[in-house]
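Notebook open, structure loaded. I want to jot down what I look up as I go.

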Number of protein chains: 4
Amino acid sequence: MESAGRRAWIDTFVLPLVVTGGLAAMILDTAVNPDSGWDQILIAVVIATATILATEFMVRIWVAPEGRVIDSDSAWRVRADYLASPHGLIDAAGALALPLAWLYVPEYRDAQLFVIVWALKYVRHSTGLLLLIRVALRARAALFTVMTVFFVVFLGASTVAYFFERHAQPELFGSVPRAMWWAIVTLTTTGYGDVVPKTLWGRLLAGWVMVSGIAVFALWAGIIANAFAEELRRRDFLRNWDLVAQVPFFQNLGAAAIADIVSLVHARDVASGTVLFRRGAAGDTMYFIVSGEVSVEIGPKPQKLQAGDFVGEMALLFGAARSATVVVTRPSLLLVLDIANFRELAGRRPELINVIEGEAERRRDANRAFSA
Amino acid sequence: MESAGRRAWIDTFVLPLVVTGGLAAMILDTAVNPDSGWDQILIAVVIATATILATEFMVRIWVAPEGRVIDSDSAWRVRADYLASPHGLIDAAGALALPLAWLYVPEYRDAQLFVIVWALKYVRHSTGLLLLIRVALRARAALFTVMTVFFVVFLGASTVAYFFERHAQPELFGSVPRAMWWAIVTLTTTGYGDVVPKTLWGRLLAGWVMVSGIAVFALWAGIIANAFAEELRRRDFLRNWDLVAQVPFFQNLGAAAIADIVSLVHARDVASGTVLFRRGAAGDTMYFIVSGEVSVEIGPKPQKLQAGDFVGEMALLFGAARSATVVVTRPSLLLVLDIANFRELAGRRPELINVIEGEAERRRDANRAFSA
Amino acid sequence: MESAGRRAWIDTFVLPLVVTGGLAAMILDTAVNPDSGWDQILIAVVIATATILATEFMVRIWVAPEGRVIDSDSAWRVRADYLASPHGLIDAAGALALPLAWLYVPEYRDAQLFVIVWALKYVRHSTGLLLLIRVALRARAALFTVMTVFFVVFLGASTVAYFFERHAQPELFGSVPRAMWWAIVTLTTTGYGDVVPKTLWGRLLAGWVMVSGIAVFALWAGIIANAFAEELRRRDFLRNWDLVAQVPFFQNLGAAAIADIVSLVHARDVASGTVLFRRGAAGDTMYFIVSGEVSVEIGPKPQKLQAGDFVGEMALLFGAARSATVVVTRPSLLLVLDIANFRELAGRRPELINVIEGEAERRRDANRAFSA
Amino acid sequence: MESAGRRAWIDTFVLPLVVTGGLAAMILDTAVNPDSGWDQILIAVVIATATILATEFMVRIWVAPEGRVIDSDSAWRVRADYLASPHGLIDAAGALALPLAWLYVPEYRDAQLFVIVWALKYVRHSTGLLLLIRVALRARAALFTVMTVFFVVFLGASTVAYFFERHAQPELFGSVPRAMWWAIVTLTTTGYGDVVPKTLWGRLLAGWVMVSGIAVFALWAGIIANAFAEELRRRDFLRNWDLVAQVPFFQNLGAAAIADIVSLVHARDVASGTVLFRRGAAGDTMYFIVSGEVSVEIGPKPQKLQAGDFVGEMALLFGAARSATVVVTRPSLLLVLDIANFRELAGRRPELINVIEGEAERRRDANRAFSA
């Protein structure tokens, strides 16, 4: 556990910092005087980073089988799986970038440019890499169609522009390949302005190309956005399901009810010592405790609530201010249900709300007893 | 009540106007001759605005606890809460911008530029600030992933462009940091045209960078748009729920029915004297009265309808023209149900429509009696 | 009826053509030599168009009350309503553009430029004007927030750019108003390239401004797109409801069932003589007849189907090829149910499909009798 | 079957390659020295491609009626249908481009440019052509409205820009048609920078035009994206329905249940020899076999599963690792149900999951027997 925490910390903070240092050194080295002292320092930083990443790669190969119950024979198979995974490939590219480039590129300063592949480490340690790959796969058919259409428009525009402009501007439109530079700059609405049609027909074509470009990229945007939204929904659904299924309060419900709840809550990690809410404050959320412990500061002696309990329901049910201050006493994982979703849940699963209401009334009576 | 109205008026109209005046003076002052009389007038306007905003800030600190039932001890806590809130921070920045800048910046005309933070007041008084913050929080994970991908593409494009173009255009692509300027201008498809690749490989890279830029920003657009739409839906749901729950006609319905209705109506504030609809006009909306009073101009003596009543249902039910003119006689808050949503409601909650239909038939018979 | 058809034809084809002629004449007149004969011809065309539009305006005022059952007194009120409606305002602007401009602008050729307001006639005769207005109203709160944010970013970017670049490029960034030109060109990613930051800090700011611009417009796009989609859905729902409610076959269903059907069909106008489908072809749609008549070419004598009947269901139910050719014998309005939606309907309303299936089997047996 | 496979292979790989070769030759020919040997080779390649495409066209006309049960008389009708279809038109254009151009264009090198229509062959062989046409049809009304608005803004901007800038820059804004070039470049935010307003009013107009341009294209993007998403959903629904209906396990369910399942599974073609999953791996998908055969490597003798069986359900139900390795032994078509959708299905159709659970428990007991 200890070691797992340390590793996550290294992955999230230390390695990106090391990579950033190495990349910054490489980038700055292209700007400094090669004879100055700075040059040597920067090259040293790049080589040091390369050494760290190579070491990291070897450690990762070694520890890949850890935490899996497997016989020693299949340990090497797990290592091979790691090497063939996207993560393994990025790590390998990072470790081998400088040595391989050094071998094949005569000039060291040129070889050093190849460490730009270290930038892939940023997406490797972000959780988003897998998500983006899934999005691309989900939308691949539609994206491919749009790219084909884009390519057809691009070829057509280049050829027609060459036809219209070749005599007016032979330098810039003297062949179809030259006209292609104009076409891509216009089709993406980048519009550098270094190549601009001058003839009437060339300008009519240009107007049409600009509008087509926007239409094509609007299609592109729509497809990616749709695929992204669906993929996010799917991921959140899976993550929340696992958490909801851990709460005893929900366990004797059918799958249909759990599916409803899953779409209405979201998870939150809370550090020990956090004040969830204070007595007297306005309240618009309730909490289910997945793991950890919270303390309700009411009556002579604070009341402890643990995994499976819920808290904060009274403000939602009776619309009143918070009746007690609640403090998190151990690092906790909570499911948060806000008032909008609470009301939707009340619509879809009245029986659930009845149970919460029963508990809330029991608690309110207990509170009155304390106050009396 | 009186004073609350005056305050809202100051927040919505007076303060934005003051801020606009101060900002305009500061902006124009950079364009006028520093020795002309205009300069002194503009500086005076800026200082006057700064004084008003500082006064406003102190008043707001003082009145922060108003309207809350709290003991005098916690009044200061409420003030501290205000200061730590986004609203408080914007007010503080507005009040302190000029004095602090004056203290640390030697030249007054430079110090004056810092009053640009007053522009934040525009979003402070708009209700949208909180909404935008919630949208950003909701989408933060996805936006962070996309920004990481953008950064990786940006670094890669800069390095490769440097490699391809450094010999052809040493002035513009002579180091990676210089190539970065080209990369950001191209990746966002801004395309100033001051830096343009000249080599074949540089242009192939540029085409790829433009297309990548559009793909990355399409992702961005999709994520923001999705998060915004969901957040808006959530806010409308909450606001309408509170209003629907106030209408007696709906109060003995279960939460499920209320949730259905909430998604189908929208709220409208109507001033006294407004004609909701005229006799004989075509009608496609009905109204539930949350608060206020309307008068149905039918029969010998107009009939008054109050909170909890509804009006306009006959045109929806029988498809006929409006059978009476209806005028708002006191400032009213109405829930509007248009014909498309009425029909959806008829599908989901037939029992509700039956009650409305019963009332409508009762009224129609009464009307006939009047006419007879 | 005759006259209504002629009027629709004038609105859809004749008037846009007249407007296009007038606008083209005005536009070309700015390009021709004022002393050539062409000039006089073009001016004549503009004046002729103005005359036609003024006549049209007066006719429209006169005929506004037509087709409404009202007493002569309120006829003038209907005319006033027309004048105050968006359509009336556009017509008035079109009729008065040239005369008013002539009155107040000394030079006729300048006055003539004002006829550009005729372009509004294009949206007046398109059915989309009302739709766009509703979309703008629906999204107005969100759009206003985004525009405020845009304005704050714009002001901030201009001031900071002025601060960074004023010494390096006093000509282009010498005051905040001048820097504003750069800011708007960059924030919209237009990037003319006439004003480009040169300092390091100016370029860092520019990168941030470009990315902000895209983020702001992504918000904008998302909001508009959402509002547009919802508005379209609402309009289609209303239009289809009215048609579905006319089909006898659906009339004894409850509102819930009708709401389901409405979301699954779409309407299509079909001219007399159209072949809906041919015998032996693969079929993936069925048709409900709202009005008109179709003829099923089967057996010794074609069978006529009229309003309330349906046709084409066999190919959907039994997956076979079309068993008869069906021809439209009178101009008809049909509701089309395609196979994907038919299957969804089968899921939601099995009882409805049972009725269709019963009728289909009855027909199939009848066909067998013919063939035998 | 054999021949169908070969034809699909020609359509997907050979013809696009031939077209790419021909287009590349035409494009490169505009860049080479017309007196060099390369010129003759490239022209030969173009003519060869034209010959192949003409042959392909004639073969397609001939084989069009194949695979349909029709009498010889209607074979020619099928051929005519093919010629009038989008596919037929593209093929005809491809076959006739060079010969017709040769006939009417005096210079062969100019005639050759017309072979750019071959690029349409890329979309002809992609499955996306039909999809894009359907999207355009579905959104045509909304797109037409937006284009009208765009056109009105474009005309207005050109006229006003001419009015503001004509004296300052008579070369660039000397007539409305000239100002149109500036307007289209600005409205699409391309911003070449060759024409830039210089006056204060011209720049204010430009700022407004840029913002309008983005708003118009945001509308455009939203409409296209919506239509595309709906069309894709419809297509997937239809394709999956046909597959689900083939699985015996689902056949005695009602249409409502099938509609639910259809929206939750997706189809996958799997080659013989593929390992679906390995024993001991974590599992998050189950598979229904539409056609083909898989082998479960458990117990003394592998167990064969065929069309209608399912596999992989245990990992989903009991959350355990895969209990057996499963290999595909014949080319198979599988329906994949992943864990997120499995849980949704459990919510909507508990009876179905019960059947799967019963089978899973039976299998688990059988496995225990093997292990014992």
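Started with domain spacing: in chain A, I find the C-alpha centres of domain 2 and domain 3 lying 57 Å apart. The assignment splits chain A into domain 1 (2-126), domain 2 (141-229) and domain 3 (255-371); the bounds come from an automatic or database domain assignment.

Housekeeping before I go on. This is a predicted model, where local features need pLDDT of at least 70, side-chain atom pairs count only at pLDDT 80 or more, and totals for chains, interfaces and linings use all residues. Residues are numbered from 1 along each chain as its sequence is written, while chains are lettered from A and ligands numbered from 1 in the order in which they are written.

Next, the A/B contact. I get 40 residues of chain A touching 40 residues of chain B, with contact meaning C-beta atoms, placed from the backbone, within 7 Å. On the chain A side, two or more residues each come from α1 (2-29), α6 (120-125), α7 (128-138), α10 (176-187), α11 (200-246) and α15 (339-348). Helices here are DSSP runs of H or I, at least four residues, numbered from the N terminus. The largest share, 8 residues, belongs to α11(A). By class I have 27 nonpolar, 9 polar and 4 charged residues on that side. For the classes, Ala, Val, Leu, Ile, Met, Phe, Trp, Tyr, Cys and Pro are nonpolar, Asp, Glu, Lys and Arg charged, and the others, Gly among them, polar.

Are the copies meeting through the same or different surfaces? Different ones, because only 12% of the interface residues of chain A are also interface residues in chain B.

Then I checked the symmetry. Chain A goes onto chain B with an RMSD of 0.1 Å after a turn of 90 degrees and a shift of 0.1 Å along the axis. The two copies are thus related as by a four-fold rotation axis. The fit is least squares on C-alpha atoms of residues with pLDDT of at least 70 in both copies.

Last stop, α10(A). How much of this helix is buried? I count 11 of its 12 residues, so α10(A) is largely enclosed by the rest of the structure. Buried means 20 or more other C-beta atoms within 10 Å of the residue's own, with C-beta atoms placed from the backbone. Among the buried ones are A:Arg178, A:Trp181 and A:Trp182.

Length check: at 1.5 Å a residue, α10(A) should span 16 Å, and its end C-alpha atoms are 15 Å apart, which agrees. The expected span is 1.5 Å times one less than the number of residues. After α10(A) comes A:Thr189, with a positive phi near 55 degrees.

Key:
Contact = placed C-beta atoms within 7 Å.
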